[in-house]
Amino acid sequence: MEGAIHAAREVPAGYLFLIPLFPLVGFALNATVGATLQKRLGRGAVHGIALATVFASLAVAARAIWEVVSHDDAVVLTQTLWPWIGFQWKGLSLSLPFAFAVDRLTAVMLFVVTFVGSLIHVFSTGYMQDEKPYWRFFAFMNLFMFAMLVLVMGDSFLMMFVGWEGVGLCSYLLISYYYEEPDKAAAGMKAFVVNRIGDFAFIAGMALLLWALVGTWQDGRFVADAGSQAPTLVFREIEARLHDDAFREAFLAKTAWGVPVVTLSCVLFFFGACGKSAQIPLYVWLPDAMAGPTPVSALIHAATMVTAGVYMVARLNFLYVHSQTAMTVVAVVGALTALFAATIGFFQTDIKKVLAYSTVSQLGYMFVGVGVGAFSAGIFHLMTHAFFKACLFLGSGSIIYALHHRQDLKDMGGLRRVLPATYWTFLAATVAIAGIPGTSGFFSKDEILWRAFDNGQTLVSGEVIWLFGVVAAMFTAFYMTRLAALTFFGTPRADEHTLHHAKEYKRMTIPLWVLGGLALVGGVVGVPQALGGSNRFEHFLEPVFAWSGERLVWLSEEGGGHGAGLHSHAGEVVLMAVAVGLAVAGILAAVRIYRTYRSPEDEARLYGAGIHRVIFHKYFVDEGYWAGVVRPFLALTRAAGAFDKFVIDGVVNLCGHATKVTAWINGGIDRVFVDGTVNALATATIEAGQRVRRLQTGRLQAYVTGIIVGLSGLAVLVYALGRG
Amino acid sequence: MHVTLTHFLVLAAALFVLGLINLATRRNAIGVLLGVELILNAANINLVAFSRYGIGGIEGHAFAVMVIALAAAETVVALAIVLAIFHHYRTVDVDEVSRMKE
């Protein structure tokens, strides 16, 4: 490696702050005066503000993206707003600015977030039009956009973490949008708590990395490296330091608890990503998150927030490529999740739950992509998934709205004629997610599968990961076809009245058409060379991942990689053919089985009651968590409460009693000795007074006698003294 | 016999002592007042005697007249008190009236 890769050129861009600022302003307006506006001017004013700010943000983002794209070399647009965090410790000083950076990876995310976000905002104006707290919905949606943009544009771990927590908060707020219903409020809480578990790992990884960059632990004490630079959490700086061979060797040799620090922190970061991106074992919150309004599911729980974990792993590519273990963990967890969640999608009866498990499964794919080192493929799938999954969710939203908020498949069927726009776009997204050749999902998914098969650095052989992925692809095709069949085909199961009144609003169909169209053709940017394309998407992201790509090749050669080594286009085409064949088989099977409506009872009979029961109940994972984690935890809190009540309070009360006793003794001393002295003095005075009192007879003559005697004595005294 | 200052002084002293004894021994409040009058008049005799035989002039006589006036005023007040005591206690025995000790 002869240093062919230089750090990207930094270009200051003073307008970057506007991108997150607009939605923040929208949030501030709707949060403060939204309720009044809605009452006085109607809902139009509320969504006017929300849409204007989101579209303004989209416009500025477009300018930033254009600037990134128009430079031939890899540039990073940067803007430093103000010095943010600074502290000193043992001669090390950390200073972090509040800064934004937009490189090519961020540009992709910016496009996904602002573009899909804007479309979903438009859709929401239709879907949410009957909701009373309309302003609250849009305020939180705008706040979410702000947090998500900070997440993707943040220049450092901490900036990213601010956005990371911000989107978590908005997710919670929007899942619990219908907070009057206890189960929906509980779903929000569940999402929040599960995410906190992941976030803890994120913080731990961040702290570990921060210190490992500048020092080591010896005997439990931190020792700064000789001549170390200032600690940093800025992504580009960390990467630039790793480019230095001497620094990198020293850094990679560091261990904590016997594990290489890079592995430990990468695994911790990935655990954080598991929380946010709903991977095993923390995926359980996402299906429950469907309690929120459907546009929220589309924006947060399909297109943007849940992909933050994938984005983070891709962003940290320069770290991950140095830890085979961490990469393997990412790829394996992704593959397992992809397959596991796909099977749960089989028998769900709630249209949104099917899509939720589908999202979990597709996120697994993305993690497979970034886990096997195909970072751009993972991000490509992230983008295409944002198109087709947002389209599917909005389509389901359109159905749910038309059916008066009924979302069970038993009430659907035959909606093809009633909701034609929804039908066609839903179908487009379905073929895209199933991976029918030519659609966006086909290109991104097969890119991942091919790279997984071909990779030489995961500890688990690439073929196994590929097998998981390709089986999951078949399952995906199956359950998505089942979903489409049960929704749009067959005889309508909704009542006449509902069907008669069902209609599609333009505000809802336009986003559907745009997203459906992109789901079909959005893959053209990433047509692989094996199919005569040039994979422009990968080339676009190359500057971001080039260095780690080289490191990866070098590491896998050094480690005697066991990749299939099918570095040929023919091999890729064969794998594609297999994947497509399986997907088509899945579709055909589903079409055969679901030609007519199958209730859960029918399905149980069809597939075997035991299997159906286990899958229908999602492998009893929630129940397992409840019994294995939540209940023991609650028991622990109760025990802690009891401990508090009896032991802590006991000690406190004991202290109180001891004080009381001391005070009593003290009081006794006071009473006996101090008061005694005072009283004795007083008594003596009284006694003396009583005695002297006898002199006062009240008899006039006694007094006169006294006077006479006194005067006489005085006279004698004067006479005697005069004589002397 | 030539009457000298000494005779007057002895008379006045005798009168003073009698008044004093009267004051200290009589139970009757009126009697006590009489004792007071005797003492005052003993003083008057001295004043006049010293004026006549001593320094001359009328200062002594003037003082004596003052004392007589004072005695009259005092007696008025004292008799009023005695009357009030009689009204209250139905007696003028000063030994009975001993509430001054409180």
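**Chain B and its contact with chain A**

Q: In this predicted model, what percentage of the 102 residues in chain B is buried?
A: Quick ground rules: residues are numbered from 1 along each chain as its sequence is written, and chains are lettered from A in the order in which they are written. The model is predicted, with local features needing pLDDT of at least 70 and side-chain atom pairs pLDDT 80 or more, while totals for chains, interfaces and linings use all residues. Buried here means that 20 or more other C-beta atoms, placed from the backbone, lie within 10 Å of a residue's own. For chain B, the buried share comes to 16%.

Q: What pattern does chain B follow along the sequence?
A: Helices are DSSP runs of H or I with at least four residues, and strands are E runs of at least two. Chain B has 0 strands and 3 helices. Read along the sequence, that's α-α-α.

Q: What radius of gyration does chain B have?
A: The radius is taken over C-alpha atoms, and the globule rule is 2.2 Å times the number of residues to the power 0.38. A compact globule of 102 residues would come out near 13 Å. The C-alpha atoms of chain B fill a box of roughly 50 × 25 × 25 Å along the principal axes. Chain B's own radius of gyration is 17 Å.

Q: Which helix of chain B gives the most to the side that touches chain A?
A: Residues are in contact if their C-beta atoms, placed from the backbone, lie within 7 Å. Chain A puts in 9 residues and chain B 11. With 4 residues, the top contributor on the chain B side is helix 1 (residues 5-25).

Note on methods: A residue is buried if 20 or more other C-beta atoms lie within 10 Å of its own, exposed if 12 or fewer, and partly exposed in between; C-beta atoms are placed from the backbone. Two residues are in contact if their C-beta atoms, placed from the backbone, lie within 7 Å.
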